[in-house]
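Subject: Structure handover

Dear colleague,

I am passing on the structure we spoke about, and below it you will find an account of what came out of the analysis. Please read the two side by side.

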Amino acid sequence: MNTLQAIQTLREELNLHNHNYYVLDNPTLSDYEFDMKLKELQDLETKNPEFFDVNSPTQRVGGTITKNFETIPHEYRMYSLDNSYSKEDLQDWEVRIQKVLGDVPLQYTCELKYDGASISITYENGKLARAVTRGDGFQGDDVTNNIKTIRSIPLHLKGNYPEHFAIRGEIVLPFAGFEKMNQELIEIGETPYSNPRNTASGSLKLQDSAEVAKRPLDCLLYFLIGNQLPFKSQFEGLESARKWGFKVPNESKLASSLEEVFQFIEYWDIHRHNLPYETDGVVVKVNDLHYQEELGYTAKSPRWAMAYKFKAEQVFTKLNSISYQVGRTGSITPVANLEPVQLAGTIVKRASLHNADQIEKLDIRIDDTVFVEKGGEIIPKIIAVDLSKRSGNSEPTKYITHCPECETELIRSEGEANHYCPNFYGCPPQIIGRIQHYISRKAMDIEGLGGETVALLFNNGLVHNYADLYELTVGQILPLERMAQKSAENLVKGVANSVAIPFESVLFALGIRFVGETVAKKLAKHYKNIDALERATLMDLILVDEIGERIAKSVIEFFENNENRIIIERLKKYGVQFEIVEKVNPNATEKFLGKTFVVSGVFSTYSRDELKKAIEENGGKVGSSISAKTDFVVAGDNMGPAKLEKATKLNISIISEDKFIEMLHES
Ligand code: AMP
Ligand code: ZN
């Protein structure tokens, strides 16, 4: 095989895997194998620049910077949709259609209306050529580089696709990914995003496509447009798009009457809450493309399609009071305490008011009657105040000036939306929050100690910072509420075990503002130990890849604080890791290449994760269940009899841990 062939084979394999994983939700390579192949391809492409391809899977990681997105005209105009809100609206629509077409039998495709940012993607000869935002419908912004990083969008099509066409779809941020992004923001003390839709559309215009690549965006397609498309109806269009490699949700349905359309709407009005992404309605389209052509367009929208909007669920209730929460980093969040009310299947008692500006904008006052809505957001929001119900003697809300927990005067830095309590080392929720962060799973992962116990320990004067945890004794803990001998022992043991946690996690655990998991890893890798990091100047820090001024300043500030330095010295004394242990594995080989292992049971020398790691580091694949594709089952104690039987039946080699270790060391 020559180099070009090798490159092409790798590209095809990686494209196929992306499709299986992101479109079909059915991965066929392990993450490790995928990374290895991607790396191999990257190396080959670097060494052979003549074979560069803008649509190579290596381009998915992004890295291009777009300062100004070029405006380009849409080849086919992007129309909007007419909206309907009731069955009657839809019946009127059908009457209008029949005026044009006569009394012909009509079929409708019913699709969900995905709530994200619309996009038009042009393909030429099966290759993604460009992607343009909707803009004003006539022209939009060229966001091709950003769009290419979305793994479910094919860069190359398969099957019998037309030479030139555009496909329209919606870029969405599924709830799970949205929550994960927010979790990461909360961890570093930043304000979370307010809803998936705005976050998705904001992502399209990020200047650095590598940033877009990190966001778990998805693209759901619903409409093809071009000359000589090889199908005669909208529904067949969806099926074709699916065959060419696009992600087209399977919920769409063909209806033979408006009655069936209503059934679809009624079903999804309830069940949409179980979908992984946001929807705000149903789109009904005349199925037959000839009829579509006859019906044509108004100045604004197609006559052959109609959006049916689900009612956003809203209720009136009363604002009883406003309380102010103090976060781990001191940021203040005002919270509305409401008269409990039923909304979208849950009882709502509280809603976030975000910040002082929001309160001012709403002019919300105690005892007001407010309008609460639950859209895609997890937390309900207050959208308006019913002024007609306000009593004459109500007073404008005065935002607090002092911390509700420690009475320190609040500050608000320029350009920041939230107020802060600057008493970082004396304000109880900040102290407790920092310790809770320290023990959390992604940080020191301390078993036997939970968030509530931390508050209990603090309130009983047993800990004031995370270093104090290491001096706790069973005798001190035992008298606390709900503590027994065993749980007290486990707590002390959990704390003691945390000295095994690697430096990068320790650095994250320290809770330096803006130093999230990824940044902590970067810093740990670069500086190797805490002393070097402590010595770094602002300039040094900014020069580290991906570290900006804001993070750099925060690190400097952290080490300038004497209290922090004392805590770190104490942690060192207790044995916490402040130095990176280089993990490059000199023993990595390819000896298990092409072999699939299943690991089952309990082991004595290695943990299950260590065994899996050893398999993957040596080129093997770890399967989750025994199948005809399994080559070896590594069996520990207590391996289930059903598994054993299955492996025997399929004639798979069952090996012990010792045998595996022997294989590992064979040259
Ligand atoms: P609106 O923005 O409320 O006028 O709704 C029109 C937009 O809905 C279109 O521009 C699309 O971006 C979006 N949309 C979402 N799902 C669909 C779908 N299944 N078919 C057509 N348009 C859709
Ligand atoms: Zn305070």
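Two strands are taken to pair if DSSP finds at least two bridges between them, and that is the sense in which pairing is used throughout this message. Please keep in mind as well that this is a predicted model.

With that in hand, the strands around S12 can be described. Strand S12, residues 313–326, pairs with strand S15, residues 369–374, in the antiparallel sense over six bridges, and within this pairing Lys318 has Thr369 of S15 as its bridge partner. S12 is also joined to strand S13, residues 332–343, by seven bridges, again with the two strands running antiparallel; here the bridge partner of Ser323 is Val335 in S13. S12 and S13 together form a hairpin with five residues between them, and in the turn Gly330 has a positive phi of about 90 degrees. When you look at the side chains along these strands, it may help to recall that in a regular strand they alternate between the two faces of the sheet.

A separate item is an open sheet of five strands, whose order is S2-S11-S10-S3-S9 and whose pairing is mixed. Its edge strands are S2 (83–84) and S9 (253–255), each of which pairs on one side only. Inside that order, strand S3 (residues 108–114) and strand S10 (residues 279–286) pair in the antiparallel sense over seven bridges, with Tyr114 matched to Thr279 of S10 as its bridge partner. Two helices lie across strands of this sheet: helix H3, residues 87–101, lies across S2, S3, S10 and strand S11 (305–309) and runs at about 175 degrees to S11, whereas helix H8, residues 234–244, lies across S3, S9 and S10 and runs at about 55 degrees to S3.

The metal site deserves its own paragraph. The zinc ion (ligand 2) is coordinated by the SG atoms of Cys403, Cys406, Cys421 and Cys427, at 2.2 to 2.3 Å, and along the chain these donors follow the spacing C-x2-C-x14-C-x5-C. Because the four donor atoms subtend angles of 100 to 113 degrees around the zinc ion (ligand 2), the arrangement is tetrahedral. Cys406 and Cys421 both lie in the loop between strand S16 (381–385) and helix H12 (428–439), so the pair ties together parts that are 15 residues apart in sequence. Both Cys406 and Cys421 are buried.

One residue in the first helix may also be worth a look. Asn15 lies in helix H1, residues 3–23, and, leaving aside residues up to four places away in sequence, Asn15 touches Pro57 and His156. Asn15 counts as buried because its relative accessibility is 18%, and the cut-off for buried is under 20%.

Finally, some totals for the whole protein chain. The chain contains 24 helices and 20 strands, and its C-alpha trace spans about 85 × 85 × 55 Å along the principal axes. Of its 667 residues, 48% count as buried, while the chain exposes about 34,200 Å², of which carbon and sulfur atoms supply 50%. Among contacts between residues at least 6 apart in sequence, 67% join residues at least 24 apart.

With best regards

Technical notes
Residues are numbered from 1 along each chain as its sequence is written. Chains are lettered from A and ligands numbered from 1 in the order in which they are written. This is a predicted model: local features need pLDDT of at least 70, side-chain atom pairs count only at pLDDT 80 or more; totals for chains, interfaces and linings use all residues. Side-chain values use heavy atoms; hydrogens and water are left out. Donors are N, O and S atoms within 2.8 Å of the metal (3.2 Å for Na, K and Ca); water is not among the atoms, so sites may look incomplete. Four donors count as tetrahedral if all angles lie between 85 and 135 degrees; four count as square planar and six as octahedral if opposite donors are over 155 degrees apart and all others between 65 and 115; anything else is irregular. Helices (H or I, at least four residues) and strands (E, at least two) are DSSP runs, numbered from the N terminus. Buried means under 20% relative accessible area, exposed over 50%, partly exposed in between (1.4 Å probe, protein chains only). Contact means heavy atoms within 4.5 Å. Axes are lines fitted to C-alpha atoms, for helices over the stretch in contact, and angles run from 0 to 180 degrees between N-to-C directions. Accessible areas come from the Shrake-Rupley method with a 1.4 Å probe; for residues, only the protein chains shown count as cover.
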